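The following note sets out several points on the model for a colleague at the bench. Please read it beside the sequence and the structure.

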Amino acid sequence: MTTDMRHEGKTALVTGGSRGIGRAISRRLAREGALVAVHYGHDEAAAERTVKEIDAEGGRAFAVRAELGVDGDAATLWGAFDRALAGQDAEPGLDILVNNAGITVPRTIANVTEQDYDRVFAINTKAPFFIIQRGLDRLRDGGRIVNISSVATRVGLPAIVSYTMTKSALDHLTLALATELGPRGITVNSVAPGYTETEINPTLRIQEIRQRYSDASVFGRLGQPADIADVVSFVASDEARWVTGQWIDASGGAHIGA
Ligand code: NAP
């Protein structure tokens, strides 16, 4: 729990901010004072629900729709963001960009189709790349970019190989941009969740799989979206001004044992 208003006066955009980990990040940033753009692609009701929750908690948020993984997605997103922000009595531009929206492909190499491969890269890697490219003139100096990666990039998990490749590419984007954006005081970091209780992974409904994923953490449980949101909020804050280009584990120590 926090009563700190460390994001007061900041504007944030959380892609995929409507559900799962993104919803927790949106709520956390808003609770700490940020005006939050809750982005979504398809599920308008979920986005509206998250905005309402934030309102009820005394925060400020608005929904922004843009399907990612399609031609022109970044331009669509920023157009919708700019228009919605203009209606919020806020300065144009933003301070915190969280690239969180993502999908998974739970298939081994033998079963990944070219369509699967193109889609997961389009949503998880290409979209953040061009969202950042087109967002750089909106992002204020001293700003924050947080890319949501995965603990999977640090272990061999053949069952999600194409997904993990998308996150590894994102990790390099983090490193390269941290270098380029340092002179502007903008930090760029990856935050890497482990097995987290959201809808991205329907197999979590199977008790045996839940148990296996819980056992992967040294704490013996699944991550909750709030576990990740707390880390993202720190990385997005002024307290983390000296941390950039880093891959920050938020997996409950998943797979660190022998
Ligand atoms: P989730 O519960 O499935 O939520 C995904 C979010 O992304 C939703 O807001 C969804 O909005 C949005 N989204 C998905 N595809 C989209 C598209 N094509 N266009 C626009 N928006 C889209 O997922 P999550 O588990 O919270 O995952 C969030 C991030 O954490 C992802 O990058 C994921 O790879 C990463 N991660 C998750 C875990 C885990 O165990 N959960 C572990 C490691 C990393 P709509 O439904 O409206 O499209």
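1. Strands are here DSSP runs of E, at least two residues in length, and they are numbered from the N terminus. In these terms, Asn-99 belongs to strand E4. It should be kept in mind throughout that the model is a predicted one.

2. Is Asn-99 buried or exposed? Asn-99 has a relative accessible area of 3%, and because the limit for a buried residue is under 20%, Asn-99 counts as buried. The side chain of Asn-99 also has a polar partner: a contact of 3.0 Å joins it to the side chain of Asn-147.

3. Strand E4, which comprises residues 94-99, runs parallel to E5, and five bridges join the two. One of the pairings places Val-98 opposite Val-146 of E5 as its bridge partner. Together with helix H4 (residues 114-135), E4 and E5 form a β-α-β unit that is right-handed.

4. Strand E5 itself spans residues 139-148 and is mostly covered, with seven of its 10 residues buried. As a general point for the reader who inspects the side chains, those of a regular strand alternate between the two faces of the sheet.

5. Which strand does E5 join through five further bridges? The partner is strand E6 (residues 187-193), and E5 and E6 run parallel. Within this pairing, Arg-144 has Thr-187 of E6 as its bridge partner. The chain passes from E5 to E6 by way of helix H5 (residues 161-181), in a β-α-β crossover that is right-handed.

6. The ligand is surrounded by 30 residues, of which His-42, Asn-100, Tyr-163, Lys-167 and Thr-198 come nearest. By class, this shell contains 12 nonpolar, 13 polar and five charged residues. Helix H1 (20-31), strand E2 (35-40) and H5 each contribute at least two residues to the shell.

7. Several side chains place polar atoms beside oxygen atoms of the ligand. For Tyr-163, an N or O atom of the side chain is 2.6 Å from a ligand oxygen. For Arg-19, the corresponding distance between a side-chain N or O atom and an oxygen of the ligand is 2.8 Å. A polar side-chain atom of Lys-167 likewise lies 2.8 Å from an oxygen atom of the ligand. As for cover, the ligand taken alone exposes 890 Å², and the protein buries 94% of that area.

Key: Residues numbered from 1 in each chain as written. Predicted model: local features only at pLDDT ≥ 70, side-chain atom pairs only at ≥ 80, totals over all residues. Heavy atoms only, no water. Buried < 20%, exposed > 50% of the residue type's maximum accessible area, 1.4 Å probe, protein only. Helix = DSSP H or I, 4+ residues; strand = E, 2+ residues; numbered from the N terminus. Pairing = 2+ DSSP bridges. Right-handed = clockwise from strand over helix to strand, strands pointing away. Near = heavy atom within 4 Å. Polar contact = N/O pair within 3.5 Å; in protein donor to acceptor, adjacent residues only side chain to side chain. Areas by Shrake-Rupley, 256 points an atom, 1.4 Å probe, with all protein chains shown as cover. Nonpolar A, V, L, I, M, F, W, Y, C, P; charged D, E, K, R; others polar.
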